[in-house]
Amino acid sequence: MSTTGAAADPLAALGSLPGVADSVESVRKAVDRVYGHRIMRRRSNEITSEAALRGARGSVALSGADWALEEVRRRTDFSAGEEDRTVGAALRLTAEAGQLLSIWRQSPLRVLARLHLVAAADRGDAVGRPRREGETADEPLVELPLPDADEVAGRLEGLSQLIIAGGSAPALVTAAVVHGELIALRPFASHNGLVARAAERIVLIGSGLDPKSICPAEVGHAEQGRAAYLAALDGYVSGTPDGMAAWIAHCGRAVELGARESAAVCEALQRGAA
């Protein structure tokens with residue numbers, strides 16, 4: 001998302017795109033329904049923990065490691081192979097995201113570097129910093145054109161300035177732009193998808209839309225399928241109003257599906273307590 005020549009609050013401007021206001025309202029209602037569930041008054045920590053596990057599982061499914069939830073739940077060693085390490089990275093990111101909320105609004109680039117460090121601690125000197133000239137990005141399943149290092153640096157700085165400045169954009173819009181921009185740029189040598197989805201989670205939590213982190217958008221992104229995810233990303237990268245609106249709507253639907261998942265968990269816990 002280029003901010004050159006844009007309005008003073010380009011994120012807020014995206015909120016006026018056709019259909020975006022409806023997506024924002026639909027997401028708010030879905031989130032409110034989960035937070036209003038009776039079980040949340042007594043067992044919200046359990047819902048948060050389960051949402052984190054399911055969110056990590058959804059995120060890695062989009063990065064090519066489509067494991068069953070129970071396999072993710074039971075496994076303790078994630079060092080055996082590439083898929084195992086990817087799942088382990090997603091679980092670490094989910095745990096780390098909640099620790100970085102206070103830093104995000106002051107220094108989003110520092111948070112992104114930390115997320116990559118957590119995800120890719122075994123990747124040598126390319127860990128925790130944006131790609132340098134000539135370095136490529138290993139991002140399974142994403143075949144978008146790869147911006148060069150200068151473009152990455154400029155657009156990351158622009159994104160950082162927007163986040164630090166704040167503004168009146170709905171949380172869904174900001175989260176969708178952060179997610180889309182990081183996938184479009186793939187600023188790191190690896191794990192960009194996992195980092196992008198963790199950053200989306202941070203925005204949703206820190207904005208107050210989902211303060212207990214019980215509506216895992218990653219679940220919804222995975223449920224809509226990889227093809228729909230990549231098609232929506234194409235819309236974001238196009239930069240057209242229709243493409244941007246479609247991407248925001250896709251992210252909104254992902255949050256709604258994540259909320260539905262946690263509502264089902266609430267219902268299961270309530271039945272077990274009856």
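## A walk through a predicted helical model

At 17% relative accessibility, E256 counts as buried, because the cut-off for buried is under 20%. This glutamate, E256, has its place in helix α13, which covers residues 241-273. Leaving aside residues up to four places away in sequence, E256 touches S26, V27 and A30. Before going further, please keep in mind that this is a predicted model.

### Single residues to find first

Another glutamate makes a good second stop. Is E82 buried, partly exposed or exposed? With a relative accessibility of 42%, E82 counts as partly exposed. You can find E82 in helix α5, residues 82-97. If you look from E82 to T94, you are looking across 12 residues of chain, and the C-alpha atoms of the two are separated by 19 Å.

Now turn to A149, which lies in helix α8. A149 is buried, with a relative accessible area of 12%. Which residues does A149 touch, not counting those up to four places away in sequence? They are R131, R132 and E133. D66 is 83 residues apart from A149 along the chain, and the C-alpha atoms of A149 and D66 are separated by 31 Å.

The table gathers these residues together with two loop residues that we will visit shortly.

| Residue | Place | Relative accessibility |
|---|---|---|
| E256 | helix α13 | 17%, buried |
| E82 | helix α5 | 42%, partly exposed |
| A149 | helix α8 | 12%, buried |
| H191 | loop between α9 and α10 | 11%, buried |
| S213 | loop between α10 and α11 | 10%, buried |

### Two loop residues with a positive phi

Here is a little backbone background. Most residues other than glycine have a negative phi. With that in mind, look at H191, which has a positive phi of about 60° although it is not a glycine. H191 sits in the loop between α9 and α10, and at 11% relative accessibility H191 counts as buried.

S213 is also worth a look: its phi is near 55°, a positive value in a residue other than glycine. Where does S213 lie? S213 is in the loop between α10 and α11, the latter being residues 217-224. At 10% relative accessibility, S213 counts as buried.

### How α8 meets its partners

Helix α8 spans residues 149-165, and it packs against helix α7, residues 108-119, at an angle of about 120° with the axes 9 Å apart. The two helices, α7 and α8, are therefore oblique to each other. On the α7 side the contact is made by P108, L109 and L112, and on the α8 side by L156, E157, S160, I163 and I164. Sorted by class, this contact of α7 with α8 has 6 nonpolar, 1 polar and 1 charged residues.

How do α8 and α9 lie relative to each other, roughly parallel or roughly antiparallel? Their angle is about 170°, with the axes 11 Å apart. An angle over 145 degrees counts as roughly antiparallel, so that is the description for α8 and α9. From α8 the contact uses V152, R155, L156, L159 and I163, while α9 brings V177, V178, E181, L182, A184 and L185. The residues in this contact of α8 with α9 divide into 9 nonpolar, no polar and 2 charged.

### The largest pocket

Let us finish with an opening in the model. The largest pocket has a volume of about 320 Å³. How many residues line the largest pocket? The lining has 17 residues, and those nearest the centre are R105, I163, T174, V203 and S207. You have already met I163, which takes part in the contact of α7 with α8 and in that of α8 with α9.

The elements giving two or more residues to the lining of the largest pocket are α6 (101-104), α8, α9 (171-185) and α10 (192-206). Which element supplies the largest share? That is α10, with 3 residues. By class, the lining of the largest pocket divides into 9 nonpolar, 6 polar and 2 charged residues.

Conventions
Residues are numbered from 1 along each chain as its sequence is written. This is a predicted model: local features need pLDDT of at least 70, side-chain atom pairs count only at pLDDT 80 or more; totals for chains, interfaces and linings use all residues. Side-chain values use heavy atoms; hydrogens and water are left out. Axes are lines fitted to C-alpha atoms, for helices over the stretch in contact, and angles run from 0 to 180 degrees between N-to-C directions. Helices (H or I, at least four residues) and strands (E, at least two) are DSSP runs, numbered from the N terminus. Angles under 35 degrees count as roughly parallel, over 145 as roughly antiparallel, 65 to 115 as roughly perpendicular and the rest as oblique. Contact means heavy atoms within 4.5 Å. Ala, Val, Leu, Ile, Met, Phe, Trp, Tyr, Cys and Pro count as nonpolar, Asp, Glu, Lys and Arg as charged, and the others, Gly among them, as polar. On a 1 Å grid over the protein atoms alone, a cavity is a set of points where a 1.4 Å probe fits but cannot get out, and a pocket is an open set with protein on both sides within 12 Å along at least five of seven lines; lining residues have an atom within 4 Å of a point. Grid points are joined across faces, edges and corners, and a volume is the space filled by probe spheres set on the points. Buried means under 20% relative accessible area, exposed over 50%, partly exposed in between (1.4 Å probe, protein chains only).
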